[in-house]
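Colleague: I have the model open and want to talk through its charged pairs. Can you walk me through them?

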Amino acid sequence: MFWFLLIAMVVVVAAVTLAVVGGGESDVLPEAAPEELVDPLPPTRPVGRADIEALRLPLAPRGYRMADVDDVLSRLGAELAERDARIAELEAALAGAQATAVGGADLFDKPAGRRGDDRQDEEPGQ
């Protein structure tokens, strides 16, 4: 009986070892494909807040994949620089328009002819 249990134990250990190591024709545990960036930022339009909130970077054994993080950060940096340049351009145009308006007539004053018309709208006796 002792020999039977010993042989059975050796057979079970050998079967488990072969199953774990992957003996035989078929793979017991197939290789996992590395995660790829599923939701890249849209290349044809500016990045919006919803794009950033929906972005999920793939994980690697030691955190995030550096190449994917670098791509996302460089794209966001380029978009922010482009927006900053556009804001500076619009602010310069606004300052130029305001400087021109200061030298010319006040756009918010009523014309001289209209001031008299407003007084006519008042009730008599006041």
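Modeller: Sure, starting with this pair: Arg45 forms a salt bridge with Asp51, with the closest N and O atoms 2.8 Å apart. A salt bridge here is a side-chain nitrogen of Lys or Arg within 4 Å of a carboxyl oxygen of Asp or Glu. Bear in mind that this is a predicted model: local features need pLDDT of at least 70, side-chain atom pairs count only at pLDDT 80 or more, and totals for chains, interfaces and linings use all residues. Residues are numbered from 1 along each chain as its sequence is written, and side-chain values use heavy atoms, with hydrogens and water left out.

Colleague: Is Asp51 buried or exposed?

Modeller: Buried means under 20% relative accessible area, exposed over 50%, and partly exposed in between (1.4 Å probe, protein chains only). Arg45 is partly exposed at 42%. Asp51 has a relative accessible area of 16%, so Asp51 is buried.

Colleague: Which backbone nitrogen lies 3.0 Å from a polar atom of the Asp51 side chain?

Modeller: Asp51 already pairs with Arg45 through a salt bridge. The backbone nitrogen lying 3.0 Å from a polar atom of the Asp51 side chain is that of Gly48.

Colleague: And which residues are linked in a network of salt bridges?

Modeller: The side chains of Arg75 and Glu79 meet in a salt bridge at 3.0 Å, N to O. Both lie in helix H3 (residues 66–103), four residues apart, about one turn of the helix; helices are DSSP runs (H or I, at least four residues), numbered from the N terminus. The network links Arg75, Glu79 and Arg83.

Key. A polar contact is a pair of N or O atoms within 3.5 Å; within protein, one must be able to donate a hydrogen and the other to accept it, and residues adjacent in sequence count only if both atoms are side-chain atoms. Helices (H or I, at least four residues) and strands (E, at least two) are DSSP runs, numbered from the N terminus.
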